[in-house]
Amino acid sequence: MKLELLQEELAGLQLAAGYLQYSMERCRNLVGQEALPPEQLERLESLTSRFARLADLLVQRVFRLVDEIELVGGGSILDRIYRAEKRGWANAAELINIRELRNLIAHEYATEKMAEIYSAVALLSPVLLETVPKVVEYTETMIRKYPA
């Protein structure tokens with residue numbers, strides 16, 4: 001049952017990564033500019049939403065599910081991040097920065113900070129996107145190792 005759920009989560013993770021990549025390409029020239037028209041601000045807003053969504057899928061769903069399957073569940077988000085680092089998926093400090101940025105995106109309503117957020121998303125998105133294939137490879141191996 002959990003392996004089937006993991007396969008579903010992986011499909012969602014890969015789809016979300018593709019959407020983030022698409023938004024990054026569309027926003028490449030917008031980050032750092034001031035006084036953008038509403039259409040371009042909407043692109044940047046989409047970028048931040050897709051970043052936050054992918055970060056959530058990765059840390060809250062996939063990392064947690066892998067931990068449960070490997071019987072090391074429990075603990076905090078930080079525990080999950082350190083276990084992900086031990087698995088070779090990403091640097092824990094980078095994952096912590098991604099998580100903090102995700103939290104800022106989810107709770108920031110002050111428009112004066114949005115330019116900073118867009119720049120941080122542009123900087124950390126490649127790290128997030130580089131993590132996804134490593135997680136997918138690891139979990140696909142796990143799925144083959146523990147057939148249903």
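Among the elements of this chain, helix H3 has the highest mean pLDDT, 96, and helix H5 the lowest, 92. These scores belong to a predicted model. Over the chain the pLDDT averages 91, and 97% of the residues score at least 70.

**The helices and their spans**

Let us start with three of the helices. The table sets the distance between the end C-alpha atoms beside the span expected at 1.5 Å a residue.

| Helix | Residues in helix | End-to-end C-alpha distance | Expected span |
|---|---|---|---|
| H1 | 26 residues | 37 Å | 38 Å |
| H2 | 32 residues | 45 Å | 46 Å |
| H5 | 32 residues | 44 Å | 46 Å |

For H1, the reach is close to the expected value. The two values for H2 agree, and H5 also comes close to its expected span.

Where do the bends fall? H2 bends by about 25° at leucine 58. In H5, there is a bend of about 35° at leucine 124, and proline 126 follows within four residues. Just beyond H2, leucine 71 follows the helix with a positive phi, near 60°.

**The nonpolar core**

Now for the inside of the model. The largest nonpolar core holds 47 residues, and Leu6, Leu13, Phe51 and Leu54 touch the most other members. Helices H1, H2, H3, H4 and H5 each supply at least two residues of this core. H2 gives the largest share, with 14 residues.

H1 is a good place to look at burial. Its buried residues include Leu3, Leu6, Leu10, Leu13, Ala17 and Leu20, and Glu9 and Ser23 are buried too. A general feature of helices helps in reading such a list: an α-helix has 3.6 residues a turn, so residues three or four places apart point the same way. The buried residues of H1 pack against H2 and H5.

Which residues does leucine 6 contact, leaving aside its neighbours within four places in sequence? The partners are Val62, Leu65, Val66, Ile69, Thr139, Met142 and Ile143.

**A cluster of three rings**

The model has two aromatic pairs. In one of them, the ring centres of phenylalanine 63 and tryptophan 89 are 5.1 Å apart; the planes meet at 40°, so this pair is tilted. It links distant parts of the chain, 26 residues apart: phenylalanine 63 sits in helix H2 (residues 38-69), and tryptophan 89 in the loop between helix H3 (77-86) and helix H4 (92-107). Phenylalanine 63 is buried, with a relative accessible area of 0%, and tryptophan 89 is buried at 2%.

Tryptophan 89 also pairs with tyrosine 138. Their ring centres are 5.1 Å apart and their planes stand at 80°, so this pair is edge-to-face. The partners are 49 residues apart, with tryptophan 89 in the loop between H3 and H4 and tyrosine 138 in helix H5 (residues 114-145). Is tyrosine 138 buried, partly exposed or exposed? With a relative accessible area of 25%, tyrosine 138 is partly exposed. Together, the ring pairs join Phe63, Trp89 and Tyr138 into a cluster.

**Three residues to find in the structure**

A few single residues make useful landmarks. Threonine 48 lies in helix H2. Its relative accessibility is 1%, so threonine 48 counts as buried. Setting aside neighbours within four places in sequence, threonine 48 is in contact with Ile105, Ile117, Tyr118 and Val121.

Serine 119 belongs to helix H5. At 33% relative accessibility, serine 119 is partly exposed. Although serine 119 and glycine 32 are 87 residues apart along the chain, their C-alpha atoms are separated by 6.6 Å.

Alanine 35 can be found in the loop between H1 and H2. With a relative accessibility of 81%, alanine 35 counts as exposed. Alanine 35 and valine 136 are 101 residues apart in sequence, and their C-alpha atoms lie 39 Å apart in space.

Definitions and conventions
Residues are numbered from 1 along each chain as its sequence is written. This is a predicted model: local features need pLDDT of at least 70, side-chain atom pairs count only at pLDDT 80 or more; totals for chains, interfaces and linings use all residues. Side-chain values use heavy atoms; hydrogens and water are left out. Rings of Phe, Tyr and Trp (its six-membered ring) pair if their centres lie within 6.5 Å; planes under 30 degrees apart count as stacked, over 60 as edge-to-face and the rest as tilted. Buried means under 20% relative accessible area, exposed over 50%, partly exposed in between (1.4 Å probe, protein chains only). A nonpolar core is a set of buried Ala, Val, Leu, Ile, Met, Phe, Trp, Tyr and Cys residues joined through side-chain atoms within 4.5 Å. Contact means heavy atoms within 4.5 Å. pLDDT is the predictor's confidence in each residue, from 0 to 100. The expected span of a helix is 1.5 Å times one less than its number of residues. The bend at a residue is the angle between axes fitted to the seven residues ending there and the seven starting there.
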